[in-house]
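Please study the sequence and the structure shown here before reading on. The explanation afterwards leads from a whole chain to single residues and then to the contact between chains.

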Amino acid sequence: MHYNFHWRPVLQALPQMLAGCVVTVEIAALATAIGIAAGVALALGRTSANRTAAGLALAWIEFGRNTPGLFQIYLAYFGLGSFGLHLSSFAALTAGIAFNNASYLAETFRGGLRAIPATQARAARSLGMSGPQAFRLIVLPQLFRIVYYPITNQMTLSVLMTALGLTVGLDTDLAGVTQQLNVLTYRTFEYFSVAALLYYLIAKAMMLVSRLLARRLFRY
Amino acid sequence: MFDATVSLQDVLFMLHGAGITLLLTFWAVLGGTVLGLGFGLLRATAPGWPSLALGAVLDVFRSVPLLIQIILVNAFAPILGLDLSAFTIGCIVLATYGAAYCTEIVRASVLAVPLPTRRAARSLGMTWWDDLTAIVLPMALRVGLPGWIGLALGLMKDSALVLWIGIIELLRSSQIVITRTQQPLLVLGIAGAIYFVISFPIARAGAWFERRWHDQ
C-alpha cells in the first residue's frame, strides 16, 4: 500500500461538514413532513369513491414506488424546466424525496387506516362530530400511533437519500460540502469516510430520538 | 431552436443502458442473496455475540447512504492497489448493500418457523441439515419471498446511483441523450417508462405471492 492517509485537513474541515449535517437533517425533516401530509392525502384519495381521485392517487403511488428515487429527483431538477419551472438543487432534492416518501407512506397509511375499526369513526359521528372532525380527532391520532415506526424508518431513509443531492449539484448538505472539499484536495477516501461516519451518527441519533419520543408520546 | 429530436438511435442507446442496469441488478441480487443467505442463517442460528456483532456490522451498510459507499469503495480500491473496473465496483457495493438487507429478511423468515416444528423434525430422526433443507428453508421461503422480491426491485432502482462513478446505465444514458437533444421531459419520460415496465410486473407478482401465501 503506497498511500499516505491525511486526516488533518479533514479534521480542520469538520465544522463545515457539521454545518452540512444541519442542512441534511433539514432537508430530510422537510421532505418527511411534506411526505406525511401528501401520503395521508394519497391514502385517502386511493380509497375514496371518487374515481378520478383514486386513479390519480394510484398513478402517483405506483409511479413513485416503481421508479428510482434518483430518477424522481432528476425529473424535478431537469424535467420540470420544460414547464418553465426551474427549481434550485435544494428545492428539487426536497421535492424528489418528498414525492418518493409520499408514495411509500401512502401505502403504509392505507394499511394503518384499515387497522382502525370503522366503528370508531361511526361512534364519533354519532356523538355529533362532523366527518372532518371525526377524522382529525379520532382517526388521525390512532393512525399515527400505528404508523409511527414506519414513519421514523422513512425519515432515516430520507436522510440517506439526501446524499443524492450530489448528483444535482447541491453543495450545502453533508454530501455536497464533502464533495466541495474533495474537489479541492482529492482526498476522496478521507473526506468521504468521515462523511459516512457522520451519516451513520445522524441515522442512529434519529432512531434514538424517535424511540425516546415514542416512550413519551405513547405512555398510555 | 435546435431541432434535435429523440431518434430511434437514442432510444436504442437508452435500452442498452437499461441492459446495463439489469446486468448490475443481476450480479447485485445474486451476490446479495448468496451472502445474505449465509449471514442470515448465521444470524438466526448462531448464539449471542457473534450474531449481534454481525448484525451491527451489516447495520452500517444500511445506515450510510449508498452513494457514499460507492464513492468510498471507488476511492479505496486503488489505495489497496486493486485495479477494478467501475462496473465491478458497482456490483460489489450493490451486492454487499443487498446482503445487509437480505440477511435481515432471511433471519426474520427462519425465526418465523415455529421451534416445535423443528423439534418435531429432529425427533423424527432428521439431522440438523435435513431439518434445515427440508423443513426450515421451504417454510421460510414463503415468509421471505415477498420481501426478497422487494429487495431485488430496490436494488434495481438503487443501481441508478452507480452513474456517479461513470457507469452508463439507464439513467446516465438518458442524461447523455438529454444533453444532445435538450428535451429533458421526453427523455426522462422514456427512462421512467422503462424503469416502470421492469419494476411494475415484478412488484405485482410479489404482491400476488404475498396475498396467496398469507391466506393459506
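The following paragraphs describe the overall build, one buried residue, a set of salt bridges and the interface, in that order.

The reader should bear in mind that this is a predicted model. A suitable place to begin is chain A as a whole. The secondary structure of chain A consists of 9 helices and 0 strands. Read from the N terminus, the order of its elements is therefore written as α-α-α-α-α-α-α-α-α, each helix being a DSSP run. Measured out along the principal axes, a box of roughly 75 × 45 × 25 Å holds the C-alpha atoms of chain A. Chain A has 220 residues, and 46% of them count as buried. The surface that chain A exposes comes to about 11000 Å², and carbon and sulfur atoms supply 65% of this area. Among the contacts in chain A with a separation of 6 or more, 75% are made by residues 24 or more positions apart.

A single residue may illustrate such contacts. A:Thr24 belongs to helix α2 of chain A, which covers residues 14-47. Is A:Thr24 buried or exposed? Its relative accessible area is 0%, and a residue counts as buried under 20%, so A:Thr24 is buried. Which residues does A:Thr24 touch, if those up to four places away in sequence are not counted? They are A:Val159, A:Thr162, A:Asp173, A:Leu174, A:Tyr199 and A:Ile202. A further value concerns A:Ala175, which stands 151 residues from A:Thr24 along the chain. The C-alpha atoms of A:Thr24 and A:Ala175 are nevertheless separated by 8.4 Å.

The next topic is the pairing of charged side chains. Over all chains, a search of the whole structure finds 10 salt bridges. In chain A, A:Arg46, A:Glu107 and A:Arg110 are joined in a network of salt bridges.

Chain B offers several pairs for study. B:Asp10 and B:Arg180 form a salt bridge in which the closest N and O atoms are 2.7 Å apart. This pair links distant parts of the chain, with B:Asp10 in helix α1 (residues 8-45) of chain B and B:Arg180 in helix α7 (residues 170-181) of chain B, 170 residues apart. B:Asp10 is buried, with a relative accessible area of 8%, whereas B:Arg180 is partly exposed at 47% relative accessibility.

Another salt bridge joins B:Asp131 to B:Arg118, and here the distance between the closest N and O atoms is 3.4 Å. B:Asp131 lies in helix α6 (residues 128-158) of chain B and B:Arg118 in helix α5 (residues 115-123) of chain B, so this salt bridge ties together parts that are 13 residues apart in sequence. B:Asp131 is buried, its relative accessible area being 1%. B:Arg118 also counts as buried, at 15% relative accessibility.

A further pair lies within one helix. B:Asp59 forms a salt bridge with B:Arg62, with 3.7 Å between the closest N and O atoms. Both residues belong to helix α2 (residues 48-63) of chain B, where they are 3 residues apart, about one turn of the helix. B:Asp59 counts as buried at 16% relative accessibility, while B:Arg62, at 22%, counts as partly exposed.

B:Asp59 also leads to the interface. Its side chain meets that of A:Lys204 in a salt bridge, at 2.5 Å from N to O. How many salt bridges does the rule find across the interface of chain A and chain B? The number is 2. In addition, 6 residue pairs are found in polar contact across this interface.

Several helices of chain A take part on its side of the contact. α3 (51-66), α4 (69-79), α7 (131-161), α8 (174-185) and α9 (188-217) of chain A each supply at least two residues of the side that touches chain B. The largest share, 9 residues, comes from α9(A). By residue type, the side of chain A that touches chain B divides into 24 nonpolar, 8 polar and 3 charged residues.

The interface can finally be viewed from both chains. Chain A gives 35 residues to the contact, and chain B gives 33 residues. The area buried between the two chains is about 3100 Å², and carbon and sulfur atoms give 79% of it.

Key:
Residues numbered from 1 in each chain as written. Chains lettered and ligands numbered in written order. Predicted model: local features only at pLDDT ≥ 70, side-chain atom pairs only at ≥ 80, totals over all residues. Heavy atoms only, no water. Contact = heavy atoms within 4.5 Å. Buried area = accessible area lost by both parts, 1.4 Å probe. Salt bridge = Lys/Arg side-chain N within 4 Å of Asp/Glu carboxyl O. Polar contact = N/O pair within 3.5 Å; in protein donor to acceptor, adjacent residues only side chain to side chain. Helix = DSSP H or I, 4+ residues; strand = E, 2+ residues; numbered from the N terminus. Nonpolar A, V, L, I, M, F, W, Y, C, P; charged D, E, K, R; others polar. Buried < 20%, exposed > 50% of the residue type's maximum accessible area, 1.4 Å probe, protein only. Areas by Shrake-Rupley, 256 points an atom, 1.4 Å probe, with all protein chains shown as cover.
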